[in-house]
Amino acid sequence: MWYTTKATELIGIRYPILQGPFGGNLSSVALVAAVSNAGGLGGYGAYTLSPQEIIAVDRQIKAVTGQPYNLNLWVSDMDTVNGSVSDERYDKAAALFRPYFEEAGIPLPEKPAPFHSRFENQLQAVLDIRPKVFSFMFGTLPHDAMVQCKRLGIITAGAATTLDEALYLENTGVDMIIASGFEAGGHRPSFLASAESSTTGTFVLLQLIREKVKVPVIAAGGIASGKAVAAALALGATAVQVGTAFLATEESNALPVHREMLFSGAAKYTTLSRAFTGRLGRGISSRIARDLNGRDEDFLPFPLQTTFMAPLRQAALSQEKWDMVLFWAGQIAPVLKHRHADQLMRSLVEETTAYFEHLKA
Ligand SMILES: Cc1cc2nc3c(=O)[nH]c(=O)nc-3n(C[C@H](O)[C@H](O)[C@H](O)COP(=O)(O)O)c2cc1C
């Protein structure tokens, strides 16, 4: 059957369909359970969580599914040397964002306190939990953590946006590589060259990586139908990772207005911008991203830029100023159909099956 692949055998799941993990509180236990219980692999993005929160979420997941699932972290979680910026840099960014704060009628935030990376402690929590799959982005694991994963039987998957990154990940011993195409919603997980220069589409990236690396490759970006699953498998993917289409389902932790935006005409236009977090990410085009196009030098580095954008987002949401909010979305959003994760899973499986049956006929 089309759905028996290296990935399904390695992970022990029925279908080679992974639900893309979402950081920033958009993942949910209900979504992980719906996908894993339907034979795919649910995923939970935990990079903003404390180790205690990761452990608590894991307990909740285990209470609702006995199937394999994926926990996800960001290997690199800050872009400043000491977690802070100079007063001069802060003042420049504050001047740029002041008009939006005035429009929203809220005060500009103070310069943020230094940020401390959370990755090491989060990593320990994940190793203690021993999920069946541990995926990560923005780099690879430290060597000793990779060795521990192998010893503990945790399957690792790292995200690549270029062939160089895939080769790098393979050299460090990952079990699977996620080929993350430029169509995808959310952050571009580039870690060798700049995200702006790492913008290959999913199906080209998949072919390049398949040709040059030996570990199984998962296609991510722009996949939301059975035909796209079939296309990815035809090009040699061992599985697909579907993000935006699952984000739009009732089970995700997206706000109702975010889901509505994904199903609206607004989703025809998406933009890659650094304005919202300091790292390049794709969401529905917004006035702020448009206005500040080309002003990247003035934004604060990740994650400090959220000092401005978090309160602004809160105010904009409560005042229904949607054009000031970033609604994460991939380019495939305009063709989304399903509002429930189990329906989406069923439809992906049925459509892919029908496609392969049609080829045989
Ligand atoms: C809102 C949002 C948040 C995401 N957060 C993460 C994350 O924290 N870690 C990660 O590895 N991938 C993350 N991704 C990427 C997805 O897991 C998946 O690879 C991607 O969405 C697939 O492309 P698609 O959106 O075109 O389906 C995120 C995607 C979205 C849309």
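## Around the ligand and out along the chain

In this predicted model, a backbone N or O atom of Gly221 lies 3.4 Å from an oxygen atom of the ligand. The protein covers 95% of the 610 Å² of accessible area that the ligand has on its own. Two other polar contacts are worth finding on the screen. One involves Trp74, where an N or O atom of the side chain is 2.9 Å from an oxygen atom of the ligand. Another involves Gly185, this time through a polar backbone atom, at 3.1 Å from a ligand oxygen.

Now zoom out a little to the whole shell. There are 21 residues around the ligand, and those that come nearest are Asn72, Gly222, Gln241, Gly243 and Thr244. By type, the shell splits into 11 nonpolar residues and 10 polar ones, with no charged residues. Where do they come from? Strand β3 (69-74), strand β9 (239-242) and helix α10 (244-247) each supply at least two of the shell residues.

Let's take β3 next. How many of its residues are buried? Six of its six, so call this strand mostly covered. Both of its faces are covered: on one side you'll find Tyr69, Leu71 and Leu73, on the other Asn70, Asn72 and Trp74, and all of these are buried. Two names on that second side should ring a bell, since Asn72 is among the residues that come nearest to the ligand and Trp74 makes the side-chain contact at 2.9 Å. As for its partner, β3 pairs with β2 (42-45) in the parallel sense, over four bridges. If you want a spot to check the register, look at Gly42, which stands opposite Tyr69 in β3.

Gln241 is another of the residues that come nearest to the ligand, and its place is in strand β9. Is it buried or exposed? Its relative accessible area is 13%, and under 20% is the cut-off for buried, so Gln241 counts as buried. Leaving aside neighbours within four places in sequence, Gln241 is in contact with Leu18, Gln19, Gly20 and Pro21, with Ile178, and with Ile218, Ala219, Ala220 and Gly221. Gly221, of course, is where we started, with its backbone atom 3.4 Å from the ligand.

Just past the end of β2, follow the chain into the loop between β2 and α3 (51-64), where Thr48 sits. At 29% relative accessibility, Thr48 counts as partly exposed. Beyond its neighbours within four places in sequence, Thr48 is in contact with Gly24, Asn25, Glu53, Arg118 and Gln122. For a sense of scale, the C-alpha atoms of Thr48 and Glu251 are 20 Å apart, with their positions 203 residues apart along the chain.

There's also an open sheet of three strands, in the order β7-β11-β10, with antiparallel pairing. β7 (186-187) and β10 (270-273) stand at the edges with a single partner strand each, so one side of each is left without a neighbour in the sheet. β7 pairs with β11 (281-284) over two bridges, in the antiparallel sense. Within that pairing, His187 stands opposite Gly281 in β11. As background, strands of a sheet pair through backbone hydrogen bonds, either parallel or antiparallel.

Now for some backbone oddities. Most residues other than glycine have a negative phi, and most peptide bonds are trans. Which peptide bond here is cis? The bond from Phe302 to Pro303, with omega near 0 degrees. Pro303 lies in the loop between α12 (287-291) and α13 (306-318), and Phe302 is found in that loop too. Phe302 is buried, with a relative accessible area of 2%. Leaving out neighbours within four places in sequence, its contacts include Tyr47, Asp77, Thr277 and Arg279, and Trp74 is also one of them. Phe302 and Phe115 are 187 residues apart along the chain, yet their C-alpha atoms are separated by 9.7 Å.

Two residues have a positive phi without being glycine. Arg130 has phi near 55 degrees and is found in the loop between α5 (119-129) and β4 (133-137). Glu320 has a phi of about 55 degrees and is found in the loop between α13 and α14 (341-360). At 56% relative accessibility, Glu320 counts as exposed.

Key. Residues are numbered from 1 along each chain as its sequence is written. This is a predicted model: local features need pLDDT of at least 70, side-chain atom pairs count only at pLDDT 80 or more; totals for chains, interfaces and linings use all residues. Side-chain values use heavy atoms; hydrogens and water are left out. Two strands pair if DSSP finds at least two bridges between them. A residue is near a molecule or strand if one of its heavy atoms lies within 4 Å of it. A polar contact is a pair of N or O atoms within 3.5 Å; within protein, one must be able to donate a hydrogen and the other to accept it, and residues adjacent in sequence count only if both atoms are side-chain atoms. Accessible areas come from the Shrake-Rupley method with a 1.4 Å probe; for residues, only the protein chains shown count as cover. Ala, Val, Leu, Ile, Met, Phe, Trp, Tyr, Cys and Pro count as nonpolar, Asp, Glu, Lys and Arg as charged, and the others, Gly among them, as polar. Buried means under 20% relative accessible area, exposed over 50%, partly exposed in between (1.4 Å probe, protein chains only). Contact means heavy atoms within 4.5 Å.
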